Amino acid sequence: MFDLEHGIQNWKQTFRPDTSIGAEGAQEIEAHLRESIERLQSIGLSANEAYAIALHRLGLTADLESEFAKNAPVSAWRTRIAWMLGGYIALTVCHGSVAAFTALIGAWMAVAGVGAANAAMIALAVQAIAWAGLLVVGYRTLLNREYASDRFTWKWAVLAGAVMIVLPIVAILGRMAQMTFVDISWFSASSMWLAYGGVVVNAAVYLSCLVVMCRLSKPLIAVVE
Amino acid sequence: MASKELIAASTKPLVLAMLSRGESYGYAIIDEVRERSGGQLEWSEGMLYPVLHRMEKEKLILSCWKVGENGRKRKYYRLSASGTRAIATERTQWLAVHETLASFWGVETCLT
């Protein structure tokens with residue numbers, strides 16, 4: 001059974017994250033699409049047929065976006081830079097939280113008396129899992145976002161600022177706790193493992209970021225079910 | 001069926017002419033142009049919106065959101081004072097093209 005609302009939601013997914021159409025333009029075009037579907041249904045077409053024809057008449061979202069982009073070339077760049085800065089803040093917060101989390105786990109392992117090599121392995125695993133979790137959450141959030149709510153509000157700015165101060169402090173406290181419980185040789189023994197493993201974790205995070213970016217920058221094709 | 005370039009070039013004067021008859025919204029504009037041209041001018045519907053936004057930015061038209069008779073919110077457009085003046089310029093230019101072509105092809109000039 002074809003669900004019209006679901007279809008329209010699918011169509012909305014064809015808008016790029018940095019769409020040049022803008023929230024108001026998107027609302028306007030959505031109103032157009034809905035009216036078009038309604039009229040086609042009123043002459044006896046099924047919801048599925050009306051949806052398919054209305055979408056076809058509307059044209060491809062990518063074409064629309066390139067037409068809209070001609071209206072405001074400067075603003076397109078402003079949006080891109082805003083996304084880049086947002087990405088920088090998001091990555092800094094992610095990095096900080098992974099570091100703080102690893103430091104806390106490290107402190108726990110020092111108290112529990114885990115051996116240096118094992119502790120390094122566990123720290124790497126924790127890092128990998130934390131990054132994977134953050135990437136999945138980020139990917140899902142961006143995929144299901146509402147184009148009208150692409151706003152970095154004061155609430156988020158204050159939260160990000162607070163988190164960026166709190167997380168390094170947590171990381172430092174974790175490390176200090178570690179140092180009070182274990183000998184310096186424990187650190188030197190685990191540091192080699194962490195250094196080599198860190199390369200692997202970083203490379204994996206980098207590759208995952210590339211995959212996420214590729215998938216997000218490609219608009220999903222509207223599916224007529 | 002008009003070519004893509006001709007459709008793109010004629011969108012602005014058509015919108016101005018259409019709105020000189022009173023305010024309207026995207027869907028109705030497309031509908032009326034299709035009807036009046038006897039299907040000769042078939043726009044890719046979405047393409048009207050960037051043009052409307054550009055014309056609004058150029059202060060040729062003004063817009064406001066209103067609830068239409070079907071209970072749905074629509075963005076209505078109307079001519080501004082400079083839009084009304086722009087009609088005269090567009091008209092002169094299009095008639096010049098029309099008359100030149102007509103002088104070659106022997107079509108009756110019936111628009112003035």
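In this predicted model, helix α1 of chain B meets helix α4 of chain B through P13(B), L16(B) and A17(B) on the α1(B) side and G83(B), A86(B), I87(B), E90(B) and W94(B) on the α4(B) side. Sorted by class, this contact of α1(B) with α4(B) holds six nonpolar residues, one polar residue and one charged residue. The charged member is E90(B) and the polar one is G83(B).

The geometry of this pair can be described next. Two packed helices are described by the angle between their axes and the distance between the axes. Helix α1(B) spans residues 4-19 and helix α4(B) spans residues 81-105; the two pack at an angle of about 130°, and their axes are 10 Å apart. Because angles over 145 degrees count as roughly antiparallel and those of 65 to 115 as roughly perpendicular, α1(B) is oblique to α4(B). The crossing in which α1(B) passes α4(B) is left-handed.

Helix α1(B) also has a contact with helix α2(B), which covers residues 26-36. Here the axes of α1(B) and α2(B) come within 11 Å and cross at roughly 100°, so α1(B) is roughly perpendicular to α2(B). On the α1(B) side the residues are L14(B), V15(B) and M18(B), and they meet I29(B), E32(B) and V33(B) of α2(B). Five nonpolar residues and one charged residue make up this contact, with no polar residue among them. The charged residue is E32(B).

Turning to the pairing of the chains, 15 residues of chain A are in contact with 15 residues of chain B. On the side of chain A that touches chain B, at least two residues come from each of three helices of chain A, namely α2 (22-42), α3 (47-58) and α4 (61-71). Of the elements of chain A, α2(A) gives the most to this side, with eight residues. In terms of class, the side of chain A that touches chain B is made up of five nonpolar, five polar and five charged residues.

A word on confidence may help in reading these results. Chain B has a mean pLDDT of 85, and 95% of its residues reach 70 or more. Within chain B, confidence is lowest in α2(B), where the mean is 87, and highest in α4(B), where it is 91. For the complex, the predictor gives an ipTM of 0.79 and a pTM of 0.55. Where pLDDT is low, the predicted coordinates should not be read in detail.

Key
Residues numbered from 1 in each chain as written. Chains lettered and ligands numbered in written order. Predicted model: local features only at pLDDT ≥ 70, side-chain atom pairs only at ≥ 80, totals over all residues. Contact = placed C-beta atoms within 7 Å. Helix = DSSP H or I, 4+ residues; strand = E, 2+ residues; numbered from the N terminus. Axes fitted to C-alpha atoms, helices over the stretch in contact; angles between N-to-C directions. Parallel < 35°, antiparallel > 145°, perpendicular 65-115°, else oblique. Left-handed = near helix turned anticlockwise from the far one by under 90°. pLDDT = per-residue confidence, 0-100.
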